[in-house]
Amino acid sequence: MPVESLSLDGLIVLGARLNQEGRPGRIARMRVEHALRLWQAAGGTCRLLITGGCSRESLAVSEARAMADHALNLAERQWGPEFRERLGTCLVLEEASRTTRDSARHTLPLVLDLRLGTVGLVSDSLHLRRAHYLFRRHYRPHRVRLHPLPVPGVWRHYWQNRRYLWLTK
């Protein structure tokens, strides 16, 4: 189903591990970039919730903060400062979660406070089935409609980088 026909109130972008410098890794960047395309296709007015706490003990920055910074910098480079400013007003960060289950649990109060009825769930296709299941378990009693929106190209990324065993985890 095209995202334009969904009439989304928000997008939830699941965090992914940061590199040693505290910047989003390839998978995190792919998730953010896909979410930005979806956000723009949906009219650029819905909320963009980015989840993820500190994935490395040695880093002070959360996955959500690093991914949000990447999104804002990318928005300014590709579409200009006005687009970055508009995106900044729509961003909501959830920086406490360390697992996908935590993300579902911690984003629910945010979604309810913002009165979001239809939400897109953004992650890579390898992770999205499990994430959608966990989010449905938490969200179903509250009548929040979830739509999984997989990031394209992740299989190719793993294949090209010869990370075959990661596909079995």
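This is a short tour of a predicted model, with stops at one threonine, one helix pair and several salt bridges.

**Stop 1: Thr-51**

Start by selecting residues 47-51, which form strand β2, and pick out Thr-51 in that strand. Is Thr-51 buried or exposed? Its relative accessible area is 1%, so Thr-51 counts as buried, the cut-off being under 20%.

Now show what surrounds Thr-51. Leaving aside residues up to four places away in sequence, Thr-51 touches Ile-12, Val-13, Leu-14 and Gly-15, along with Glu-63, Ala-64, Glu-94, Ser-97, Ser-103 and Thr-107. Keep Ser-103 and Thr-107 selected, as both belong to the next stop: they are among the α4 residues that meet α5.

**Stop 2: helices α4 and α5**

Select residues 100-113 for helix α4 and residues 125-139 for helix α5; their axes come within 9 Å and cross at roughly 45 degrees. That angle makes α4 oblique to α5. Turn the view to look through one helix at the other, and you will have a right-handed crossing of α4 and α5 in front of you.

Which residues of α4 and α5 meet? On the α4 side, display Thr-100, Arg-101, Ser-103, Ala-104, Arg-105, Thr-107, Leu-108 and Val-111. Their partners in α5 are His-127, Arg-130, Ala-131, Leu-134, Phe-135, Arg-137, His-138 and Tyr-139. Colour the residues of this contact by type and you get 7 nonpolar, 5 polar and 4 charged.

**Stop 3: the salt bridges**

Side chains of opposite charge can pair when their charged atoms come close. How many salt bridges are there in this model? The count comes to 4, and three pairs are worth a visit here.

Go to Arg-31 and Asp-124 for a salt bridge with an N to O distance of 2.5 Å. Arg-31 sits in helix α1 (residues 26-41) and Asp-124 in strand β4 (residues 118-124), so this pair ties together parts that are 93 residues apart in sequence. Both Arg-31 and Asp-124 are buried.

Next, select Glu-76 and Arg-84, whose side chains meet in a salt bridge at 3.4 Å, N to O. Glu-76 is partly exposed, with a relative accessible area of 36%, and Arg-84 is partly exposed too, at 27%.

Finish at Arg-23 and Glu-21, a salt bridge in which the closest N and O atoms are 3.7 Å apart. Switch on the surface here: Glu-21 has a relative accessible area of 52% and is exposed.

Note on methods: Residues are numbered from 1 along each chain as its sequence is written. This is a predicted model: local features need pLDDT of at least 70, side-chain atom pairs count only at pLDDT 80 or more; totals for chains, interfaces and linings use all residues. Side-chain values use heavy atoms; hydrogens and water are left out. Helices (H or I, at least four residues) and strands (E, at least two) are DSSP runs, numbered from the N terminus. Buried means under 20% relative accessible area, exposed over 50%, partly exposed in between (1.4 Å probe, protein chains only). Contact means heavy atoms within 4.5 Å. Axes are lines fitted to C-alpha atoms, for helices over the stretch in contact, and angles run from 0 to 180 degrees between N-to-C directions. Angles under 35 degrees count as roughly parallel, over 145 as roughly antiparallel, 65 to 115 as roughly perpendicular and the rest as oblique. A crossing is left-handed if the near helix is turned anticlockwise from the far one by less than a right angle, and right-handed if clockwise. Ala, Val, Leu, Ile, Met, Phe, Trp, Tyr, Cys and Pro count as nonpolar, Asp, Glu, Lys and Arg as charged, and the others, Gly among them, as polar.
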